[in-house]
Amino acid sequence: MPAPPRVLTVAGSDSGGGAGIQADLKTMLALGVHGMSVLTSVTAQNSLGVQGAWELPADAVRAQFRAVVDDIGVQAVKTGMLSSAELAGTVADLLAGLDRGVPVVVDPVAVSKHGDPLLHDEALDVMRGRLLPLATVATPNLDEVTRLTGVVVADEAGMRDAARAVLGYGPRWVLVKGGHLPDADRYVEAVDLLSDGRTEHWYHSPRYPNRHTHGTGCTLASALASYLALGHDVPGAVGHAKEYVRGAIEAGFPLGAGIGPVDHAW
Ligand code: PLP
């Protein structure tokens, strides 16, 4: 049997199994690619939030990356929780050494749904100046757009401004995830904008009332990386990734006393 495409997640561990590398690897299994992981940090986490987080030494991040890239190889990479400026810089150096043809999805993870910080403020400059320029696609939500660019988005016109502002940092494409738009008229649907500065793709999907959405962002970014590794172009890969996330949210289930995870076995 030929080997499936290999996809690498560079991200944090969620002990509760809902987000982070656990969500990434489940997504990759479901989509038929071989998932690999470089851990940046370990969180003690459950349905109620993040109780603790420990960063790995930069040397450990470098060693994991070299181990998988030099032997197994990668067809796509996804980055998630990078935690500190030092780790974000280490990851940027490693990604800069990859073949230019390997797509890189940068999910600029900043805060969890519970409001727990996942990226220190001093790492934002590294994200802007060194990671975003290497991204094939950056996938910020509206809170992350505001933290990265200062742009506050209230409607779809604001999403255009947001896309332009993020593209200013150099990613080839940006997917602005409008799932948190405050506009009441839009409550029934989630709107996302994909732009490369010349073309725009708007994705409209129904909102599901399910509150068990832990891991949604990680799942979208790793599904996107998986579809890119499988040979889809960026607009097509985003469409497929959104469909995968839709199913996973619809099937999300209660677990613990708080917010349960999306389900990868839908
Ligand atoms: N924990 C880790 C390790 C993550 O990478 C993320 C998001 O990227 C989260 C928690 C937050 O997940 P959510 O906001 O879906 O609860």
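In this predicted model, the shell of residues around the ligand divides into 6 nonpolar, 10 polar and 2 charged residues. In total, 18 residues surround the ligand, and the closest of them are G12, A19, G20, S112 and K113. Strand 1 (6-14), strand 2 and helix 7 (216-229) are the elements that give two or more residues to this shell.

Two of these contributing elements, strand 1 and strand 2, are also paired with each other, running in the parallel sense and joined over 9 bridges. Within this pairing, R6 stands opposite H34 in strand 2. Strand 1 is mostly covered, in that 8 of its 9 residues are buried. Strand 2 (residues 34-46) is further joined by 6 bridges to strand 3 (residues 49-55), and this second pair runs antiparallel. The connection between strand 2 and strand 3 is a hairpin that passes through 2 residues, and across the pair V42 is found opposite W54 of strand 3.

Further along the chain, the burial of two helices was examined. In helix 5 (142-149), the buried residues are L142, E144, V145 and L148. Because these residues cover an arc of only 155 degrees around the axis, they are placed on the same side of helix 5. The cover over the buried residues of helix 5 includes helix 4 (124-131), helix 6 and strand 7. Just after helix 5, G150 adopts a positive phi of about 85 degrees.

Helix 6 comprises 12 residues (residues 156-167), which at 1.5 Å a residue should span 16 Å, and the distance of 17 Å between its end C-alpha atoms agrees with this expectation. The buried residues of helix 6 are M159, A162, A163 and V166. Seen down the axis of helix 6, the buried residues fall within an arc of 100 degrees, and they therefore line one face of the helix. Such an arrangement can be read against the general geometry of the fold element: an α-helix has 3.6 residues a turn, so residues three or four places apart point the same way. The buried residues of helix 6 pack against strand 6 (137-138), helix 5, strand 7 (173-177) and strand 8 (189-195). Helix 5 is thus among the elements against which the buried residues of helix 6 pack, while helix 6 is in turn among those covering the buried residues of helix 5; strand 7 is likewise listed among the partners of helix 6 and in the cover of helix 5.

Conventions. Residues numbered from 1 in each chain as written. Predicted model: local features only at pLDDT ≥ 70, side-chain atom pairs only at ≥ 80, totals over all residues. Helix = DSSP H or I, 4+ residues; strand = E, 2+ residues; numbered from the N terminus. Expected span 1.5 Å × (residues − 1). Buried ≥ 20, exposed ≤ 12 C-beta atoms within 10 Å, placed from the backbone. Arc of directions from axis to C-beta. Contact = placed C-beta atoms within 7 Å. Pairing = 2+ DSSP bridges. Near = placed C-beta within 6 Å. Nonpolar A, V, L, I, M, F, W, Y, C, P; charged D, E, K, R; others polar.
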